[in-house]
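Let's work through a few exercises together. Have a look at the model first, then try each task before reading its solution.

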Amino acid sequence: MRRRVMAGNWKMYKTIAATSAFIEGLKARVASVDHCEVVVAPPFTALRAAAEAARGSKIRIAAQDLHWDREGAHTGDVSAGMLAEAGATHVIIGHSERRRDHGETDEVVNRKLRAALTGGLTPIVCVGETLAEREAGATRQVLDRQFERGFAGLTSSEFSHIIIAYEPVWAIGTGRTATPEMAAESHRYLRELGRRGFGETEAEGLRILYGGSVKPDNIGGLMSENEIDGALVGGASLDVESFAAIVNYPRARSAG
Ligand code: PGA
């Protein structure tokens with residue numbers, strides 16, 4: 001059975017002090033959690049503080065981006081090795097805000113993904129369609145393209161280390177969540193692409209998180225879908241009570 005992942009993406013929020021306080025608070029609230037992995041992605045500046053505060057707990061720390069080179073003349077960028085040294089074990093790649101703000105293409109995502117794998121970080125790769133693409137009936141075509149180009153050239157063994165986050169762009173920060181059925185349909189399709197590209201075992205083991213306006217009051221419905229292996233949470237991960245409520249979503253069907 002796939003182990004679920006609840007990940008908080010803080011985007012450009014929180015100081016170092018606020019990060020330490022949050023992680024301390026979260027530690028107490030997730031101490032007995034073993035039904036899922038808990039990941040928090042602070043900004044670069046707070047990674048080290050987050051990792052230090054999380055030491056000895058189950059909380060894992062993710063960066064929100066990386067550069068594909070190991071080192072070099074890339075002003076403003078950070079490499080996989082630097083992130084690992086700061087205490088990150090995971091890294092978000094290809095978030096739609098990076099695609100929008102920094103012109104990241106699927107080819108760039110692919111290079112970053114390889115660098116993350118080489119550097120021993122677990123990549124959380126974001127895919128998803130815009131509203132115009134969904135309304136034009138092009139959701140599958142978009143996922144096809146993002147999948148094919150983003151994951152080009154990976155071996156099945158590399159693919160088995162990846163987490164995908166399906167984040168329909170129209171649902172991010174809008175309060176407009178995809179219904180559990182809509183999300184599950186795209187997740188099923190992504191799993192099918194995984195099966196075709198990398199094999200049955202890899203596809204069955206692939207964790208696909210849903211992201212886009214996940215809140216304490218809609219997480220239960222989303223998690224009732226077997227296809228949805230967790231959540232990538234933006235706004236609602238900034239408040240410790242709200243993120244802890246998401247991590248501890250009501251579970252009827254499983255104890256772990
Ligand atoms: P949101 O963001 O939960 O605020 O919609 C999700 C994300 O961008 O990962």
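**Exercise 1.** How many residues line the second largest pocket, and which lie nearest its centre?

*Solution.* Keep in mind that this is a predicted model. Start with the count: the second largest pocket has 17 lining residues. Next, go to the middle, where S96, R99, G128, T130 and V169 lie nearest the centre. Then ask which elements chip in: α4, β5 (122-127) and α7 (139-150) each give two or more residues to this lining. The largest share is four residues, from α4. Finally, sort the lining by class, and you get five nonpolar, six polar and six charged residues. The space in there is about 250 Å³.

**Exercise 2.** Describe the largest pocket in the same way.

*Solution.* Begin with volume: the largest pocket holds about 500 Å³. Its lining has 18 residues, and K11, M12, Q64, R98 and H102 are nearest the centre. Helix α4 (residues 96-102) gives the most here, with four residues. By class, the lining splits into six nonpolar, six polar and six charged.

**Exercise 3.** Which residues come nearest the ligand, and how much of the ligand does the protein bury?

*Solution.* First, the shell: 14 residues surround the ligand, with K11, H95, E167, G173 and S213 coming nearest. Five of the shell residues are nonpolar, seven polar and two charged. Now check some contacts with ligand oxygen atoms. A polar side-chain atom of H95 sits 2.6 Å from one, a polar backbone atom of S213 is 2.7 Å from one, and a backbone N or O atom of G234 is at 2.8 Å. Last step: the ligand alone exposes 290 Å², and the protein buries 97% of that.

Definitions and conventions. Residues numbered from 1 in each chain as written. Predicted model: local features only at pLDDT ≥ 70, side-chain atom pairs only at ≥ 80, totals over all residues. Heavy atoms only, no water. Near = heavy atom within 4 Å. Polar contact = N/O pair within 3.5 Å; in protein donor to acceptor, adjacent residues only side chain to side chain. Areas by Shrake-Rupley, 256 points an atom, 1.4 Å probe, with all protein chains shown as cover. Nonpolar A, V, L, I, M, F, W, Y, C, P; charged D, E, K, R; others polar. 1 Å grid on protein atoms, 1.4 Å probe; cavity = no way out; pocket = protein on both sides within 12 Å on 5 of 7 lines; lining within 4 Å. Points joined across faces, edges and corners; volume = space filled by probe spheres on them.
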